[in-house]
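Trainee: I'm new to this one. Could you take me through a single part of it, up close, and then show me what else is worth a look?

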Amino acid sequence: LPYVPALSLHVKQTAVYTATLNEVLIFRSHLPSGPSFRRLVKLMAADLNQAPAIVDMKAGISFADIASYRAVIILPHVPYAQRLSDVFAMALPSLVPAEPLIHKFVWPYAGPFCGRSDSAFSRSIDQLAENRSQPPYSPFDFQTEDLHPESFHNDRRYWLQYSEWELRPHLIRFRSVPHLLVLAATGDDELQEVSRRMRQHHHEVSLEAMEYWSRAALIAASLAARSEFQTR
């Protein structure tokens with residue numbers, strides 16, 4: 001199947017990266033570990049002389065306001081998150097966990113994507129399905145009710161590469177909270193360059209995606225017309 005990313009074109013039309021605020025925004029997170037992570041970031045930032053100002057996201061914030069921060073910190077709660085598509089459309093420099101840290105966040109509550117927090121039925125496989133692929137690692141063995149953090153390392157690494165957090169380029173990846181604080185203090189010129197690369201990549205994938213959907217629409221219209229003709 002082709003990979004056709006979400007474009008968030010509605011966001012691009014209303015919010016453009018401006019960096020008028022000299023602060024780094026922590027995107028809201030409902031993960032159980034979210035509050036502890038935010039507290040740890042702020043405690044460690046308080047001990048650094050040159051740490052950037054890091055603020056929590058307020059309720060009801062607009063896309064335009066989000067784009068006014070110099071960068072954003074996002075914890076991945078599922079393999080695909082619309083918020084990542086949104087900030088990418090803004091070309092807002094985004095700090096996200098790198099491996100292996102990312103595995104602590106992206107898998108435990110990935111229920112909407114047949115993860116462990118969904119029913120076991122959602123992870124069942126039709127053994128009789130034709131042309132079924134045979135990946136080297138199961139996408140479900142490591143997503144049982146028990147987390148098994150000491151096992152399935154290769155399984156998680158393999159499937160992470162197909163998540164939006166790995167497929168999208170130009171994300172700024174941190175290995176730990178101290179590393180995050182160093183990256184959050186990246187200079188303005190460097191952040192502007194990251195933003196420029198994000199904007200260019202978004203333009204390129206937008207052209208590819210629109211071509212895909214144009215062809216898909218033509219094929220669907222052709223099939224619908226053929227079906228209508230056959231029923232007459």
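Mentor: Let's go straight to helix α2, residues 34-46, which gives the largest share of the lining of the largest cavity, three residues. Keep in mind that this is a predicted model. The lining of that cavity is made up of Ile26, Phe27, Ser29, Gly34, Phe37, Arg38 and Leu75. Sorted by class, that makes four nonpolar, two polar and one charged residues. As for volume, the largest cavity comes to about 30 Å³. A search of the whole structure for cavities of 30 Å³ or more turns up one.

Now hop over to the loop between α8 (177-184) and α9 (188-231), where you'll find Thr186. Is Thr186 buried or exposed? Its relative accessibility is 15%, and buried means under 20%, so Thr186 counts as buried. The side chain of Thr186 also reaches back to the backbone oxygen of Leu183, at 2.5 Å. If you skip the neighbours within four places in sequence, Thr186 touches Arg70 and Leu191.

Next comes the loop between α5 (103-106) and α6 (153-160), which is home to Phe113. With 36% relative accessibility, Phe113 counts as partly exposed. Which residues does Phe113 contact once its neighbours within four places in sequence are left aside? They are Val78, Pro79 and Tyr80. Take Pro79: Phe113 and Pro79 sit 34 residues apart in sequence, yet their C-alpha atoms are 7.5 Å apart in space.

Stay in that loop between α5 and α6 a little longer, since His148 is there and Phe152 is found there too. Here the backbone angles are what to look at. Most residues other than glycine have a negative phi. His148, though, has a positive phi near 55°, and Phe152 has a positive one of about 60°. How much of each is accessible? His148 has a relative accessible area of 29%, so it is partly exposed. Phe152 is at 28% relative accessibility and counts as partly exposed as well.

One last backbone detail for you. Most peptide bonds are trans. The bond joining Glu99 and Pro100, however, is cis, with omega at about 0°. To find it on screen, look for Pro100 in the loop between β4 (94-97) and α5.

Terms used:
Residues numbered from 1 in each chain as written. Predicted model: local features only at pLDDT ≥ 70, side-chain atom pairs only at ≥ 80, totals over all residues. Heavy atoms only, no water. 1 Å grid on protein atoms, 1.4 Å probe; cavity = no way out; pocket = protein on both sides within 12 Å on 5 of 7 lines; lining within 4 Å. Points joined across faces, edges and corners; volume = space filled by probe spheres on them. Helix = DSSP H or I, 4+ residues; strand = E, 2+ residues; numbered from the N terminus. Nonpolar A, V, L, I, M, F, W, Y, C, P; charged D, E, K, R; others polar. Buried < 20%, exposed > 50% of the residue type's maximum accessible area, 1.4 Å probe, protein only. Polar contact = N/O pair within 3.5 Å; in protein donor to acceptor, adjacent residues only side chain to side chain. Contact = heavy atoms within 4.5 Å.
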